[in-house]
Amino acid sequence: MRTSNLLLATTKETPADASIVSHQLMLRAGLIRKLAAGLYSWLPLGLRVLRKVEHIVRDEMNKSGAQEVLMPMVQPATLWQESERWNKYGAELLRIEDRHHNHFCLGPTHEEVITDLIRNEIRSYKQLPATFYQIQTKFRDEIRPRFGIMRAREFVMKDAYSFHSDAASLSETYTLMHQTYHAIFTRIGLTFRAVEADSGSIGGKRSHEFHVLAESGEDAIAFSKQSDYAANVELASTLLDDTVNTSGKAVLQKIPTPDQRSIDEVSQFLHIPPQQCIKTLLVKGATEVTPVIALLLRGDHELNTIKAEKLDLIASPLRWVDEQDIQEIIHCNAGFIGPIGLSIPIIADYATLQCSDFVCGANEDNMHYQGVNWERDLPIPTIADLRNVQANDPSPDGKGVLEIKRGIEVGHIFQLGDTYSKAMQASILNEQGKTTIMTMGCYGIGISRVVAASIEQNYDEKGIIWPLAIAPFQIVLIPMNMHKSQRLRTAIEDLYKAFIDAGMEILLDDRKERAGVMFSDADLIGIPHRLVLGERGLDKGMIEHKTRTTDTTEEIPLAQIVTILKEKLA
């Protein structure tokens, strides 16, 4: 490809509404252009990257034995009503009506469509297991589309669905997809982690997220430095220890703490560390018998709402008790609630049992208890894992300690079970000739999000640093003043043809631009290998080579450059 034949839409200015690096660089490098909020056109350079990601995903999915299909983006409401998601999915589901007043939606996902397709095509257990995938446009009406391609309303996704006669078969395919995803992200050249995750609105029992590690990631993930343990912080469990610290000897005292409501204020006022405090949070209970539940956490720990709302006594989704109700139940403000003397059910996090001589609210405004100890001053309450894990916590598998890093979710796999097949009566005849509901799995990769995530992980002050596998071009060839020298033009054209004949992807910058402009654009676009040739190099029979990840250049014999780069790119 020649730049004279390419829509090379690089810009120097960073758009004001682009807040993260990938959004800024995708606009500056001319990969995308905004049409409307959350809607983007892909320009030639960006589309080359997108297609390369698609190729790797398609290749590995085909290797796994999955069959490619293509389903409509527009989906009838009747299918979503059958699965009972028409009203449950929420405002992200863009609902539309045709001229005949039939209701449809733009598909954010395709569980209903694939289940309808397969229930009409597969009749016997002998046709299972079977996995089907597509690479297709999705639409989710995000309330605040932001971060460019990272959280767009319209995006490209690979979604796959597997069908099975039993749970054991599903487990086998789930493991295969887990391995396939590892192969995909490894081939792309990303640093990633697979983590245990919550299934969310998709449903099902078991799921894993695949996260590209990057500081701009929206999710926090916890993983052991010494083992394979990894989980989203929302799901990561703590190492459960129910031993009680009874070593405290301090005298229990009620002390004034005027206007000291937060843990930070109380700990500074009393000159103690936050971990010597216990905070009491009030949430709504699951039944009228237990309308309010008290949750105890160590002062420096944060409540994990997903863990909490999975407990039987607590309403789901988790809801806080408001200030008015706190006054009616406890007769004090929220900052002074404590467990001593509470007549409502109490659930304490495991870590609170390790506290002794601790401080807690006294259920009286402007007062706290100091020198509190378990068993002596407080009975041992119900215990549960309530908190978010922290860096350097012991790993739940007992191997090493946890590290917390930010991650960008680019893939998610689920064991759906019969969530959709049961609701939509997707059944087969089993070996005994009896009708049985199929078991399903679901496996998604955000193709367009992978492009943005790779930039968030690979960039510098000059621009993008593409992993070689998805770079728009492997090589950029920059001639120095080619328009002034016929012999240089001839040499460049011969070299350009030699690279193409060798099967390499090369961009020839044939613009009449200053060298600095061409170098700057090459770095901004992120092409892995840069070759520079001028008359001086031609006289010496040498060409200048530089990789995008280094600042140093090397001279390579012109006669050997095609062979040498072919070896580097292999």
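## Some buried charges

A residue counts as buried when its relative accessible area is under 20%, as exposed when that figure is over 50%, and as partly exposed in between. With that in hand, let's look around this predicted model, starting with Arg85. Its relative accessibility is 6%, so Arg85 falls on the buried side of the cut-off.

Who does Arg85 team up with? The partner is Glu112, and the two form a salt bridge in which the closest N and O atoms are 2.7 Å apart. The pair links distant parts of the chain: Arg85 sits in the loop between helix H3 (77-82) and strand E5 (95-97), while Glu112 belongs to helix H4 (residues 111-119), 27 residues apart from it. Glu112 is also buried, because its relative accessibility comes to 0%.

## More salt bridges

In total, the count for this model is 37 salt bridges. One of them stays within a single helix, namely H2 (residues 44-63). Here the side chains of Glu54 and Arg51 meet, with 2.9 Å from N to O. Why are these two about one helical turn from each other? Because they are 3 residues apart in the helix. Their surroundings are worth a look too: Glu54 is buried, at 7% relative accessibility, whereas Arg51 has a relative accessible area of 44% and is partly exposed.

Another salt bridge joins the side chains of Glu364 and Lys254, at 3.1 Å from N to O. Glu364 lies in the loop between E17 and strand E18 (367-372), and Lys254 is in strand E13 (residues 253-256), so this contact ties together parts that are 110 residues apart in sequence. Glu364 is partly exposed at 35% relative accessibility, and Lys254 is partly exposed as well, at 39%. Finally, salt bridges can be joined up: Asp59, Glu60, Lys63 and Arg187 are linked in a network of them.

## A sheet of four strands

Now for some strands. An open sheet is formed by 4 of them, running in the order E14-E15-E16-E19 with mixed pairing. Which strands stand at the edges? They are E14 and strand E19 (382-384); each has a single partner strand, so one side of each is left without a neighbour in the sheet. From one strand to the next, the twist averages 30°.

Inside that order, strand E15 (residues 292-298) pairs with strand E16 (residues 346-349) in the parallel sense, over 3 bridges. If you'd like a spot to find in the structure, try Leu296, which stands opposite Ala348 in E16.

## The second largest pocket

Edge strand E14 turns up again in the lining of the second largest pocket, where it supplies the largest share, 5 residues. Helix H6 (263-270), strand E14 (278-284) and strand E17 (358-361) each give at least two residues to this lining. The volume of the pocket is about 280 Å³.

How many residues line this pocket? There are 21, and those that lie nearest its centre are Arg261, Lys279, Thr280, Ala334 and Gly335. Sorted by class, the lining holds 14 nonpolar, 5 polar and 2 charged residues.

Technical notes: Residues are numbered from 1 along each chain as its sequence is written. This is a predicted model: local features need pLDDT of at least 70, side-chain atom pairs count only at pLDDT 80 or more; totals for chains, interfaces and linings use all residues. Side-chain values use heavy atoms; hydrogens and water are left out. On a 1 Å grid over the protein atoms alone, a cavity is a set of points where a 1.4 Å probe fits but cannot get out, and a pocket is an open set with protein on both sides within 12 Å along at least five of seven lines; lining residues have an atom within 4 Å of a point. Grid points are joined across faces, edges and corners, and a volume is the space filled by probe spheres set on the points. Ala, Val, Leu, Ile, Met, Phe, Trp, Tyr, Cys and Pro count as nonpolar, Asp, Glu, Lys and Arg as charged, and the others, Gly among them, as polar. Two strands pair if DSSP finds at least two bridges between them. Axes are lines fitted to C-alpha atoms, for helices over the stretch in contact, and angles run from 0 to 180 degrees between N-to-C directions. A salt bridge is a side-chain nitrogen of Lys or Arg within 4 Å of a carboxyl oxygen of Asp or Glu. Buried means under 20% relative accessible area, exposed over 50%, partly exposed in between (1.4 Å probe, protein chains only).
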